[in-house]
Each structure stands twice: as C-alpha cells, then as structure tokens.
Amino acid sequence: TAQRGRMLCTPCIWPDFGGPGLLGTVGILTLVLCSCSGQPASLTWDLPASSSWEHQGDLVFIHMESSLYSLPCSPMEMEVADPTYHWVRDRTDSKLFLVTKEGHLLFQHFQAGDSGKYSCTISYMKHGVPVSQTFHYSVFGYHVLGGLDTVLLFHSKFCEDKWTKSFLWGLQKKLRQLEIKQHCKLQLTATFCFPSLSNPSDESIIQVELEVSLFGPHWDEYCNSQDMEMVTNCYRKTVRHNLGQVQLALTRFFEEHKSFHITGAGIPNINFTNEFVGFLKTEQCNGGYGQTKQLLRCLECCIVCPPGMFSPPKKSQCSPCPVGTYSLIYGVAFCTPCKDGMITRVPGASSVTDCVKNKRTKQAVSITHRIPGLLLIILPALLAINLLFILSSCYWFYKEYRVSSPRASKVTGSNKRMETVISFFRTLWQGPEAGPDAGPASDTTHLDTSHLDTSTSQGGDEQHTHGASSLAVTPNLAPATDETIPVLILEE
C-alpha cells in the first residue's frame with residue numbers, strides 16, 4: 001500500500017557503505033533504536049502527502065424503467081470513519097444525483113439516457129493521513145423482450161383531420177386510467193382514414209395503431225431481489241404476465257366503450273364507433289436498443305446503443321452512425337446529421353467535433369464562385385483565337401488559289417494543242433480528198449515516223465518541244481499511203 005506515517009526524530013546520518021542491502025539494514029536498526037528511545041524516527045526520502053487508488057472496469061446493467069436501483073460507491077464493504085462520497089459522470093449535464101448517506105447512487109425510473117460512465121470517489125482519514133479511493137462504473141440500460149401492437153377500426157361519417165384529432169385526444173385521455181392500473185404505456189404510432197367499402201359515399205373508416213410498452217411506472221414492483229440472475233428471471237415472468245393482463249384489459253375497455261361522441265364549438269355531432277380490435281405480440285427491441293452478447297445472463301435481452309451508434313424502432317441491432325451523422329448520448333433511434341454541409345471522416349461519430357468541412361464541397365463552392373471571373377478571362381481569349389483562325393484560313397485559301405490558277409491555264413493550253421496535232425494527222429492519213437466522214441484507206445501500211453523532223457527551228461520555245469514529245473509517244477497511229485510522205489513543220 002501507499003499508506004504513510006509522518007514521524008519525527010533527531011537527525012540521523014546515513015553513510016554509504018556501497019550497497020543497498022547494508023543501507024536498508026542500517027535504516028531498520030535506526031528506526032528500531034529511535035522507537036525504543038521514545039523519539040520518533042525520520043527518513044531521508046519524502047513519502048506522498050496522501051494515498052489514492054483507482055479501480056477500473058466494472059459493468060453495471062440496469063433495466064429500463066426500473067422503479068429504484070441503488071449503485072454503491074464501493075463494490076466491497078469498507079469500514080472507515082466519516083467517509084465522504086463524490087459522484088461524477090463522463091459528460092456534464094444538469095441532472096442532479098441522488099446519493100444516500102451510505103454513498104449509494106439512486107436511479108429512479110431508469111431511462112436509456114441515464115446510461116454512461118460514472119465515477120465515485122470515497123475519501124477518509126486513516127492514521128491521520130488523507131486517503132481516497134475511486135471506483136469507475138460503465139452503466140448500461142437494457143430490457144427483456146416483450147410488447148404488444150394493437151390495431152383499432154372505427155366507423156364515422158366524416159374523415160377530416162381536425163375532428164379526427166379531437167377523437168384521438170379523447171381516446172388517449174380515457175386510456176390513461178388503464179395505463180396506470182396495468183403499469184404499461186400506450187403510444188399512438190399511426191392513423192389512417194379511408195372510405196368504407198360497404199358505403200363509400202356516406203361512411204369512413206379510421207384505423208388507429210397503438211404500441212403497448214409493458215414497462216410502465218412500477219411495473220417491476222414484485223422484483224426486488226438483489227441477485228442479478230434472479231431479478232432478470234423475475235423481469236421475464238413479469239413481462240409475460242403483464243402481456244396477458246394488458247390484452248385482456250384492452251379488450252374489455254373497448255367492449256365497454258363502443259362509441260366515442262365528439263362535440264364542441266364548430267364541430268358537428270360525430271360518433272366514432274369501434275368495430276374491431278386486433279393484437280399482435282412482438283419480441284423486438286425498442287428504439288435505441290439492440291441485442292448483443294454483452295449481458296451474459298440475458299443473451300436475448302436488448303442493450304442500449306452507445307454514442308456513435310443507433311437503432312430504429314423494431315430493429316434488433318445497433319448500427320454505426322453513417323458518414324455525415326453522429327450521436328452524442330446512449331439510446332438514440334436516429335443519428336443527428338452534421339450542419340452546414342459538413343461530414344464525418346468515418347462512420348460511428350460520437351461527437352459534434354467529428355463533423356469537419358467537406359473538402360470536395362468546399363472546392364466545388366470555390367469553383368462556382370470563380371466561374372464569372374474565369375468566363376471574363378477565357379471568353380475574350382477564345383474569341384481572339386477564333387478570329388485568328390478565320391483570318392489565317394482565308395489567307396491560305398487566297399494564296400492557294402493564286403498559285404494554282406497559272407498551272408491550270410498551262411495544262412488547258414497543252415491539251416488543246418494535243419488535240420489539234422492529232423486531228424491534223426488524221427486528215428493527212430485519210431487522204432486529201434477524204435472529207436471529215438471518210439473512212440480509212442484500204443491499202444495501208446504502218447507509218448514510219450523515224451524520219452520526221454521534230455526538232456524546232458531557231459528561236460522556238462518550250463511549247464514546241466512538248467508538242468513533239470506528245471506526238472512521239474502516241475500509240476496506234478492511223479496508217480498512211482506510200483505515195484504521200486508527210487513532213488510536219490510545227491509552228492507556233
């Protein structure tokens with residue numbers, strides 16, 4: 001232990017003899033001698049001014065709507081003089097703690113939000129020295145399975161919201177007495193109104209759905225055992241017993257209250273007549289609770305979802321809060337979304353500080369704000385580039401047209417001269433008397449053109465040479481007679 005006593009003695013000198021064993025022996029002898037002489041002893045090392053202990057990791061499970069649960073400060077019996085107790089919770093809230101004289105923390109009508117981490121520090125004096133011990137508890141709410149869903153059908157001539165709301169308010173008011181007597185809670189979950197099948201023009205049907213919770217005020221008044229396993233078995237038996245009692249009580253109630261009459265200012269006389277009562281026994285977890293293996297003595301029980309998790313009604317598992325949401329407390333049915341477009345980096349956020357700015361959204365917003373400025377910069381540049389492209393296209397088209405026109409005229413002149421030469425030779429080969437329609441001569445031989453003078457006269461230009469070359473390569477020339485040897489003199 002870290003317990004210490006402060007003792008005074010005349011100063012003692014501790015020589016160093018080179019070993020801790022010898023030093024310890026001398027120290028013990030000095031304490032013994034000082035004690036025997038009636039002088040209090042003094043040690044050269046400083047002992048702590050107080051002693052404290054930390055005890056970690058105790059799990060506590062408390063059933064929801066428990067009438068009274070007492071959590072001791074210390075799990076063991078401690079006989080100390082004038083102790084003081086101080087309870088704290090892991091999060092700050094305005095709820096006051098009920099602490100008994102013995103230091104027990106009291107929970108009345110335990111709710112899911114009462115779950116959390118609690119610490120109790122017990123302080124006292126021992127041999128004139130202040131001593132403190134701190135005990136930490138993780139408190140979880142849970143409930144055994146068992147519930148009842150009720151469906152009611154009422155006939156009425158009207159189907160308007162304001163009259164239906166007045167009817168439902170009167171119905172719930174009359175059911176209050178049944179709740180107190182049967183130690184249950186009745187919650188309206190849904191209402192529908194639709195035309196009657198038998199008389200759709202003059203009659204409507206109002207469907208009312210009620211959820212019955214068997215954990216009302218003082219539902220566990222017969223389960224006062226301190227043994228956790230025994231009290232859990234008592235809870236199961238109580239739920240099964242109350243389930244049958246509530247179903248029977250509701251059936252009798254609607255047999256006695258067959259018709260509900262609604263009157264008031266601006267409201268005509270309306271009767272809502274009950275025609276059907278249906279029950280469905282359920283074994284599902286309440287909203288904010290889920291089934292886990294954390295409570296070994298009741299594996300089928302539903303345990304409250306911790307911060308960062310949620311469970312909608314009629315679900316049996318706690319799930320992490322999706323990205324962009326968080327939950328701060330125990331037992332939430334739905335997570336809270338982050339504000340201002342913020343998001344969480346990972347699922348299961350348990351604090352509002354986990355919400356951070358979305359970088360993608362921020363970039364998109366900044367780009368959106370910059371779009372007008374970017375357009376003013378980019379559009380003139382695009383217009384200038386388009387104008388340069390058009391001007392350059394026109395320039396290159398004009399230049400190509402000017403270059404290609406002389407070539408085309410030269411080719412056209414060459415073709416015309418070629419046709420003139422060919423027609424001239426045809427005339428000579430067919431004979432001088434042959435007209436344009438005369439056929440070829442009967443006695444013909446191949447024309448020997450090797451002796452033709454295709455050379456140009458002095459002062460001739462390139463066009464004569466092109467004409468002679470075209471003549472020399474023309475195949476299949478028409479035949480000519482031996483009597484006539486034509487001599488071609490090409491002139492310009």
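A nonpolar core is a set of buried Ala, Val, Leu, Ile, Met, Phe, Trp, Tyr and Cys residues joined through side-chain atoms within 4.5 Å. Buried means under 20% relative accessible area, exposed means over 50%, and partly exposed lies in between (1.4 Å probe, protein chains only). The model shown is predicted: local features need pLDDT of at least 70, side-chain atom pairs count only at pLDDT 80 or more, and totals for chains, interfaces and linings use all residues. Residues are numbered from 1 along each chain as its sequence is written, and side-chain values use heavy atoms, leaving out hydrogens and water.

**View 1. The whole chain has 5 helices and 20 strands.** Helices (H or I, at least four residues) and strands (E, at least two) are DSSP runs, numbered from the N terminus. Of the 492 residues, 29% are buried. A contact here means heavy atoms within 4.5 Å. Among contacts between residues at least 6 apart in sequence, 64% join residues at least 24 apart.

**View 2. Two stretches of the chain have pLDDT under 50: residues 1-49 and residues 432-488.** pLDDT is the predictor's confidence in each residue, from 0 to 100. Its mean over the chain is 74, and 66% of the residues reach 70 or more. Beyond four places in sequence, the model has 41 contacts for residues 1-49 and 36 for residues 432-488. Where pLDDT is low, the predicted coordinates should not be read in detail.

**View 3. The largest nonpolar core has 49 residues.** Which residues have the most contacts inside this core? They are Phe154, Phe167 and Leu171. Elements that give two or more residues to the core include β8 (147-156), α2 (161-182) and α3 (228-256). The most comes from α3, with 10 residues. Now zoom in on Phe154: beyond four places in sequence, its contacts include Phe167, Leu171, Ile206, Phe254 and Phe272. A second, separate core has 17 residues, among them Cys73, Cys120, Tyr124 and Val139.

**View 4. Asp114 sits in the loop between β5 (105-107) and β6 (116-126).** Is Asp114 buried or exposed? Asp114 is buried, because its relative accessible area is 8%. Leaving aside residues up to four places away in sequence, Asp114 touches Arg89, Lys95, Phe107 and His109.

**View 5. Lys314 and Asp340 each have a positive phi although neither is a glycine.** Most residues other than glycine have a negative phi. For Lys314, phi is about 70 degrees; for Asp340, phi is about 55 degrees. Lys314 belongs to the loop between β15 (309-310) and β16 (319-320), and its relative accessible area of 34% makes it partly exposed. Asp340 is in the loop between β18 (336-337) and β19 (343-344), and it is exposed at 75%.

**View 6. Val346 is found in the loop between β19 and β20 (355-356).** With a relative accessible area of 54%, Val346 is exposed. How far apart in space are Val346 and Pro320? They are 9.6 Å apart, C-alpha to C-alpha, and 26 residues apart in sequence.

**View 7. Leu382 is part of helix α4 (residues 359-430).** At 44% relative accessibility, Leu382 is partly exposed. Together with Leu375, Leu376, Ile377, Ile378 and Leu379, Leu382 forms a nonpolar patch on the surface, with about 620 Å² of accessible area in total. Patches are made of residues with over 30% relative accessible area and no salt bridge, where like charges are joined within 9 Å and nonpolar side chains (Val, Leu, Ile, Met, Phe, Trp, Tyr) within 5 Å. A salt bridge is a side-chain nitrogen of Lys or Arg within 4 Å of a carboxyl oxygen of Asp or Glu. Accessible areas come from the Shrake-Rupley method with a 1.4 Å probe; for residues, only the protein chains shown count as cover.
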